[in-house]
Amino acid sequence: MDRSLLRSKFRGSMLGTGVGDALGRPVEGCAPRLVEEPPEFDGRYTDDTEMTIGVAESLVEVGGFDGEHMIKTFMRNYDPKRGYGPGPPAVFRLIELGERWDTASMILFGGRGSFGNGAAMRAAPVGLLYFDEPEELRRVAERSSLLTHAHPLGVEGAVIQAYAVALAVKTNPSSFDPRDFLEELESFSREEVYREALRDAARLLNEKADKKKVISRLGNGVEAFRSVPTAVYCFAANAESFEKAVLYAVSLGGDADTIGAMAGAISGAYHGEDKIPVEWVKRLEKAEYIALLADKLLELKLKEK
Ligand code: R7I
Ligand code: MG
Ligand code: MG
């Protein structure tokens with residue numbers, strides 16, 4: 001693939017995360033019937049994008065994955081006004097109190113770790129940097145998830161989201177089949193909960209299901225297994241347009257910023273930067289910096305070779 005196309009796809013995925021997040025932010029937690037109109041776009045992003053920035057910064061600064069560096073980057077960037085779930089800030093506090101950085105996340109939720117979607121929502125940079133190295137992608141997605149989300153279903157959500165971004169980078173829109181895409185994700189995933197949900201997603205696609213059915217089968221919740229397959233579906237069912245995919249994602253309500261961010265990351269990687277409405281990118285907070293991080297991830301990727 002030529003460099004300029006890759007650059008556009010990397011930028012599309014990073015900006016797509018921010019745009020989907022910002023679009024969903026005002027309607028996070030709303031019932032779907034309250035999101036019939038597209039929400040107003042003011043460009044303000046939430047924890048989803050803040051942590052995605054952290055993942056990208058750490059990968060770029062280190063030249064690859066370093067867990068301690070990444071969690072410290074999350075802590076350095078942490079802004080309590082960005083609407084974090086309770087898990088990550090609790091991990092940050094434990095570490096500040098002297099807990100080991102590599103085990104603190106396991107203390108959460110009665111010692112099982114979180115299965116929230118907080119690791120999946122920030123996985124795009126991992127999918128980009130390792131787009132053609134599936135084993136390395138899985139390893140880094142798992143380890144970067146474990147920093148805050150230790151439950152196997154929280155971890156696997158991040159793996160699937162990263163792999164979806166990777167597949168979208170590799171895909172040429174002129175020869176795309178959403179069923180193959182879902183099948184490939186299913187065969188990559190190692191948790192039956194996700195395999196089942198991805199098969200459901202394929203059925204919903206065949207049925208041309210309405211929103212109610214999509215929400216009742218796949219979910220729109222903050223749990224990784226009730227939002228990652230949903231985001232993947234939002235992309236697969238609306239692959240022809242970035243705008244359609246993210247508008248559909250946030251229209252499901254519930255964890256709208258996160259489903260928007262994840263669908264935006266996949267769709268942006270698929271279409272590239274130029275297919276994201278200019279007005280959205282113009283208004284997105286720190287858009288230039290986010291695009292710069294995408295460029296640096298690509299630079300790192302090409303240096304590896
Ligand atoms: O996953 P996390 O970072 O939250 C991300 C969400 C996104 O929607 C962001 O936009 C932001 O709004 O927050 O935060 P966590 O606290 O780790 O997980 C989110 C929630 O999932 C928790 O607060 C719990 O309600 C639920 N949850 C669990 N419930 C029971 N048992 C996560 N893990 C468990 C569990 O093991
Ligand atoms: Mg958020
Ligand atoms: Mg959210």
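Mentor: A helix here is a DSSP run of H or I with at least four residues, a strand is a run of E with at least two, and both are numbered from the N terminus. Threonine 52, for example, lies in helix H2. The model is predicted, so local features need pLDDT of at least 70 and side-chain atom pairs count only at pLDDT 80 or more, while totals for chains, interfaces and linings use all residues. Residues are numbered from 1 along each chain as its sequence is written, chains are lettered from A and ligands numbered from 1 in the order in which they are written, and side-chain values use heavy atoms, leaving out hydrogens and water.

Trainee: Is threonine 52 buried or exposed, and why does threonine 52 count as such?

Mentor: The word depends on relative accessible area: buried is under 20%, exposed is over 50%, and partly exposed is in between (1.4 Å probe, protein chains only). Threonine 52 counts as buried because its relative accessibility is 2%.

Trainee: Which threonine has its C-alpha atom 8.1 Å from that of threonine 52?

Mentor: That is threonine 17, 35 residues away along the chain. Threonine 17 is found in helix H1 (residues 3–24) and is buried too, at 2% relative accessibility. Residues far apart in sequence can be listed in this way again: threonine 17 and isoleucine 266 are 249 residues apart in the chain, and their C-alpha atoms are separated by 8.3 Å. Helix H1 also holds alanine 22, which counts as buried because its relative accessibility is 0%. From C-alpha to C-alpha, alanine 22 and threonine 46 are 7.0 Å apart, with their positions 24 residues apart in sequence.

Trainee: Which protein atoms are donors to the magnesium ion (ligand 2)?

Mentor: Donors are N, O and S atoms within 2.8 Å of the metal (3.2 Å for Na, K and Ca); water is not among the atoms, so sites may look incomplete. For ligand 2 the protein donors are Thr46 (OG1), Asp47 (OD), Asp48 (OD) and Asp257 (OD), at 2.1 to 2.3 Å. Their spacing in sequence reads T-D-D-x208-D. Aspartate 47 and aspartate 48 are both buried. Aspartate 257 also bridges ligand 2 and the magnesium ion (ligand 3), and the two ions lie 3.6 Å apart.

Trainee: How many residues surround ligand 1?

Mentor: A residue is counted if one of its heavy atoms lies within 4 Å of the molecule. For ligand 1 there are 22, the closest being Asp48, Gly87, Ser114, His149 and Asp255.

Trainee: Where does the backbone of glycine 87 stand relative to an oxygen atom of ligand 1?

Mentor: A polar contact is a pair of N or O atoms within 3.5 Å; within protein, one must be able to donate a hydrogen and the other to accept it, and residues adjacent in sequence count only if both atoms are side-chain atoms. A backbone N or O atom of glycine 87 is 2.7 Å from an oxygen of ligand 1. Polar backbone atoms of glycine 83 and asparagine 117 lie 3.1 Å and 3.4 Å from an oxygen of this ligand.

Trainee: What is the volume of the largest pocket?

Mentor: Rolling a probe the size of a water molecule over the atoms shows where empty space is left. On a 1 Å grid over the protein atoms alone, a cavity is a set of points where a 1.4 Å probe fits but cannot get out, and a pocket is an open set with protein on both sides within 12 Å along at least five of seven lines; lining residues have an atom within 4 Å of a point. Points are joined across faces, edges and corners, and the volume is the space filled by probe spheres set on them. The largest pocket holds about 340 Å³. Its lining has 25 residues, with Gly85, Ser114, Gly116, Asn117 and Val222 nearest the centre. Helix H2 (47–62), helix H4 (87–96) and helix H14 (256–271) each supply at least two of them, and H2 gives the most, three.

Trainee: How many cavities of 30 Å³ or more are there?

Mentor: The count is one, and the largest cavity has about 40 Å³ of space. Its lining includes Val55, Arg122 and Ser144, and helix H7 (residues 134–146) provides the largest share, three residues.
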